[in-house]
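Me: I'd like to go through a model with you and learn how to read its features one by one. Can we start with a sheet and then work outwards?

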Amino acid sequence: MPANPAPGPRGAAILGADAVSPARQRRPVVLLRPVPGTSVIHELWAGTKIIAVFVISLVLAFHPRWIPIALMATLVAVTIRLAHIPRGVVPSIPRWLWILLLLGAVTATLGGGEPVLHLWSIDVEVGGLLKFLRITAVSIVLLATGALVSWTTNVADVAPAVATLGRPLRPLRIPVDDWAVALSLSLRAFPMLLDEFRLLYAARKLRPRPVLPDGRMRRRRWAVELVDLLTAGVTVALRRADEMGDAITARGGTGQISAAPSGPKKADWVALGIIAVVGLAAFFVEIPGPA
Amino acid sequence: MTSTRPEAPAEHSAQTASRRRPPRSLTPVEMAHASVMAALSSALAILSVVIPFAGGLSLLVPVPMGLLGYRYRLRVLLAAAFAASTVAFLIAGISGFMVVLNCAYVGGATGIIKRRGWGMPMVVVAGTVLGVLNGLWIIAILIVLERLRTLVFEAMTANVDGVVSLMSKFEPFRQAAADVRAVFGLALQYWPVLIMAYSIFSMMVVSLVGWWALSRVLERLRGVPDVHKLDSPAETGQVAPVPVRLREARFRYPGADHDALRPLNLAVEPGEHIAITGANGSGKTTLMLLLCGRAPTSGSIERPGAVGLGQQGGTAVVMQHPESQVLGTRVADDVVWGLPAETHPDVDALLEEVGLGGMAERDTGGLSGGELQRLAVAAALARQPSMLIADEITTMVDQAGRDGLLEVLSGLTEHHRMALVNITHYDNEAQVADRTVNLSQSLDNMAMVGSAAAPVPGHAPAPHSSRPVLELRGVGHEYGAGTPWAKTALRDVSFTVNEGDGVLIHGGNGSGKSTLAWIMAGLTAPTTGECLVGGRPAHECVGDVAIAFQAARLQLMRSRVDLEVASAAGFSPNDTGRVIAALATVGLDGSLAGRRIDQLSGGQMRRVVIAGLLARWPQALILDEPLAGLDAPSQRGLLRLLTDLRINTGLTVIVISHDFAGLEELCPRTLHLDRGVLRSSGPTP
């Protein structure tokens with residue numbers, strides 16, 4: 001397999017970077033690449049960040065009320081600040097998403113419900129709107145948490161952290177080591193496969209549009225084309241898998257996956273302590289009144 | 001063994017003296033297939049979640065999992081499901097995770113059903129059962145997460161109430177509005193029933209679509225050659241591969257009609273540096289396999305102990321493809337990848353020795369081919385091998401990388417107590433060895449590829465019209481503009497290509513030449529400047545400029561040669577006359593028209609791609625690394641073909657390459673790209 005089948009900074013999977021209209025360069029979605037630079041959050045162990053995501057998700061799943069949402073949102077905001085994450089990382093939000101949100105908010109307001117706001121002699125029932133805002137806030141906080149982990153974690157640290165976190169599960173006869181190795185190899189193969197998809201897509205764009213008869217023939221032709229594309233993708237993946245199998249055999253099978261030991265340090269225990277305190281506070285602090 | 005038949009459960013796996021693996025652990029082949037199929041599934045799932053309106057892609061995710069379920073045991077499928085769902089979760093959040101998990105068990109079920117030979121009725125049953133289980137699971141979660149469920153229902157109720165009250169303002173819709181409200185209220189009250197029904201329905205659809213797709217793909221994969229080569233031999237005893245003696249060792253692949261390796265006498269002593277040369281097909285790879293432990297068909301191989309592939313003091317192998325060999329995501333992690341837990345080599349010293357000093361924390365995805373191969377050598381050295389076999393490691397690497405690798409190889413036997421067997425077809429590498437063994441019968445000097453110096457213009461190019469075909473004016477391109485990962489690939493590139501010109505765009509790793517090729521073909525619009533094809537912007541007339549990618553297999557999308565050529569050129573495959581004419585332009589025989597794509601050799605695939613592209617009469621033909629991976633005679637043949645096409649038919653040819661060898665006649669004009677900037681433009685470098 002060639003060393004560089006497609007353009008684009010290698011090691012970063014960038015979607016939407018070769019959008020054909022040059023007029024307004026929309027910021028693309030970048031996957032699996034931490035924000036360059038370093039900070040306290042960058043240096044934390046990947047396992048701490050994974051635990052943080054779990055805790056935040058659990059709290060918000062069990063207690064989606066305003067106080068827990070506010071607490072979690074503050075935690076995420078402070079972390080973003082500490083990690084020096086610049087504005088440019090957020091991909092451009094497409095217009096239809098804004099319209100959808102606006103539509104949702106308007107219909108929710110029209111839905112009515114307690115409490116009632118008095119604005120310049122108009123009584124606006126904002127109950128429905130508050131519910132809509134609450135669910136939107138939960139989604140945004142969860143999204144931001146996930147994105148935060150991806151912006152501050154190096155891909156190479158994820159699989160060793162999963163191996164360490166999974167150690168207590170070994171007595172249950174779950175093959176944690178094998179699973180961690182499979183995860184590390186998948187993360188290694190993932191950008192290569194994305195590059196190959198991009199090439200497949202580009203090669204398809206180069207072809208002339210076929211002139212098709214209508215109806216049944218067209219659907220059959222479309223199905224055949226789909227299978228062709230899928231087969232091309234799978235064939236290339238199988239070849240990569242065979243080569244990777246050779247590479248593993250040449251190394252005498254599986255074993256270590258990282259040079260440095262992966263485990264929590266002092267800063268991690270501090271961070272875990274903070275998360276535990278905030279999580280417990282979110283569970284137990286409640287203001288009486290409507291949810 | 002073709003890649004579609006289910007594997008018999010592996011019996012041995014390396015139970016050698018120094019390493020005992022628990023018997024139910026995954027073998028290397030199983031691990032590799034699990035990981036790559038997991039990456040493929042998660043990539044499809046992530047694309048379906050992240051790209052708007054591409055949700056249909058998620059229906060294809062069961063196919064890779066189905067392949068695993070069909071060919072390997074359940075453990076492999078579970079490992080792949082874990083890896084795929086974790087990757088999807090990391091990137092696309094909970095929705096990606098759910099998609100992958102659902103499709104993993106649908107895929108696994110369909111694969112197992114296919115293997116056992118049960119038919120469609122079983123798929124329906126499996127879909128129903130999975131639907132019921134999935135539904136129960138979701139209902140259980142929603143019961144536990146009572147508050148979240150209430151919030152979601154209340155928000156949905158608020159939205160519906162809002163729409164209903166809006167509709168009620170208009171007389172004709174009042175009754176309909178009331179009905180909607182009533183139905184919605186009923187649905188919310190009996191939500192478990194609704195969820196169960198939806199779950200069964202969606203699982204059924206996914207199962208049936210997955211079954212259909214898996215069956216079609218398996219049909220097409222029949223006949224795809226299995227390219228894996230290394231097997232860990234079952235052996236016991238002390239690890240001691242050298243000195244090894246081959247006496248009249250001969251090898252013939254099962255079912256072949258001639259020997260892959262003719263009877264050979266060879267002795268490798270500890271501390272020797274041997275170069276193995278020979279034309280393609282003379283058995284170099286087979287010799288590597290024999291040295292790694294495969295048994296010869298006749299004759300004998302004597303060693304003092306076990307081969308010990310990849311073990312301390314044993315045999316280490318470095319292979320041809322740079323990217324596939326490197327297994328770790330970070331340089332330091334890759335050096336220790338696969339070592340037993342107790343071993344801790346000095347990573348920095350090893351990296352220093354291969355010339356990658358100080359790069360321990362770098363990401364392997366950003367390294368060039370030469371650096372990746374050097375990393376592979378470092379990983380091999382970490383095992384302190386007694387014998388290191390380098391199987392054509394410089395073939396897919398550029399000139400600068402080759403020089404670096406040669407430097408590393410020549411110092412190895414001096415600093416380490418080991419034997420080095422270097423399989424190569426470059427003459428300068430054969431010269432630094434202690435002795436050379438040539439496997440070809442005839443001393444075929446022409447088969448060795450020389451490294452060429454920079455080109456000097458030869459005879460004057462054939463007269464041609466000076467109509468400009470491609471014009472680039474101030475072209476610049478930046479990836480990820482506005483994000484912290486912004487990278488400028490090209491800066492202010494301007495040149496013109498006239499009809500009938502032959503241009504070589506030369507540059508090293510990271511010079512931006514692939515980006516330039518994509519801009520010229522119209523696949524990418526440059527962020528600044530413009531690229532005109534015949535006066536029109538390139539990205540508006542995609543297809544006018546043809547581009548042949550380095551990975552020819554990805555550009556071949558149909559199953560047969562004639563279908564492929566017809567589809568690429570845009571005419572009906574029944575028009576056999578045109579198909580044969582197209583194949584003739586690239587020197588392929590018309591009888592190849594009915595051949596299946598996967599039975600072609602690398603060189604033939606490349607020619608089929610070019611045939612399809614040329615049949616459309618493009619304005620220009622761009623070739624991205626056309627000679628990579630081809631042996632010397634195939635390279636010469638392809639170059640001669642392209643030169644003839646350029647001179648006789650006035651085809652404009654643009655070659656993107658990191659090498660000069662043999663391209664002087666095809667491309668009298670050279671442009672050097674260095675980190676995105678054009679260094680010189682003109683006939684002489």
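Me: Which residue stands opposite Leu246(B) in E2(B)?
Reply: Keep in mind that this is a predicted model. The partner is Leu266(B), which stands opposite Leu246(B) in E2(B). Leu246(B) falls within strand E1 (residues 244-251) of chain B, and five bridges tie E1(B) to E2(B), the two running antiparallel.

Me: What is the strand order in the open sheet of three strands in chain B?
Reply: The order is E2-E1-E4 (chain B), and the pairing is antiparallel. Strand E2 (261-268) and strand E4 (298-302) of chain B sit at the edges with a single partner strand each, so one side of each has no neighbour in the sheet. Neighbouring strands here are turned by 10° against each other on average, direction ignored.

Me: Which helix lies across E1, E2 and E4 of chain B?
Reply: That's helix H8 (residues 284-291) of chain B, running at about 130° to E1(B). H8(B) also lies across strand E3 (273-277), E5, E6 and E7 of chain B, where its direction is about 155° to E6(B). That takes us to another sheet.

Me: How many strands form the open sheet with parallel pairing in chain B?
Reply: Five, in the order E5-E6-E7-E3-E8 (chain B). Strand E5 (315-318) and strand E8 (435-438) of chain B are the edge strands, each pairing on one side only. On average, neighbouring strands in this sheet are turned by 20° against each other, direction ignored. For a look inside, take strand E6 (residues 387-391) and strand E7 (residues 419-423) of chain B, which pair in the parallel sense over five bridges. Met387(B) stands opposite Ala419(B) in E7(B). There's a helix to add as well: H12 (residues 369-381) of chain B lies across E5 and E6 of chain B, at about 175° to E5(B).

Me: Now the backbone. Which peptide bond of chain B is cis?
Reply: Look at omega: it is about 0° for the bond joining Val242(B) and Pro243(B), a cis peptide bond. Pro243(B) is in the loop between helix H7 (191-221) and E1 of chain B. For another backbone feature, go to His84(A): its phi is near 55°, a positive value in a residue other than glycine. His84(A) lies in the loop between helix H3 (66-82) and H4 of chain A.

Me: What area do chain A and chain B bury between them?
Reply: The general idea is that interface size is often given as the accessible area lost when the parts come together. Here chain A and chain B bury about 12000 Å², with 68% of it on carbon and sulfur atoms. In terms of contacts, 120 residues of chain A meet 137 residues of chain B. The rule also finds 30 residue pairs in polar contact across this interface, both residues at pLDDT 80 or more. The largest share of chain A's side, 26 residues, is given by H8(A). By class, that side has 72 nonpolar, 23 polar and 25 charged residues.

Me: How many salt bridges cross the interface of chain A and chain B?
Reply: In general, side chains of opposite charge can pair when their charged atoms come close. Across this interface the rule finds seven salt bridges, while the structure holds 29 over all chains. Asp228(A) is a good residue to click on. Its side chain meets that of Arg220(B) in a salt bridge (2.5 Å, N to O). Asp228(A) also forms a salt bridge with Arg558(B), with the closest N and O atoms 2.9 Å apart. That pair runs from helix H8 of chain A to the loop between helix H16 (552-555) and helix H17 (561-569) of chain B.

Me: Which residues does Ile135(A) touch, not counting those up to four places away in sequence?
Reply: Leu151(B), Val152(B) and Ala155(B). Ile135(A) itself is found in helix H5 of chain A. As a check on sequence against space, Ile135(A) and Arg65(A) are 70 residues apart in sequence and 9.5 Å apart C-alpha to C-alpha.

Me: And which residue joins Asp161(B) in a polar contact of 2.5 Å between side chains?
Reply: Arg181(B) does. Asp161(B) lies in helix H5 (residues 146-168) of chain B. Leaving out residues up to four places away in sequence, Asp161(B) touches Gly111(A) as well as Arg181(B).

How values were computed:
Residues numbered from 1 in each chain as written. Chains lettered and ligands numbered in written order. Heavy atoms only, no water. Contact = heavy atoms within 4.5 Å. Buried area = accessible area lost by both parts, 1.4 Å probe. Salt bridge = Lys/Arg side-chain N within 4 Å of Asp/Glu carboxyl O. Polar contact = N/O pair within 3.5 Å; in protein donor to acceptor, adjacent residues only side chain to side chain. Helix = DSSP H or I, 4+ residues; strand = E, 2+ residues; numbered from the N terminus. Nonpolar A, V, L, I, M, F, W, Y, C, P; charged D, E, K, R; others polar. Pairing = 2+ DSSP bridges. Axes fitted to C-alpha atoms, helices over the stretch in contact; angles between N-to-C directions.
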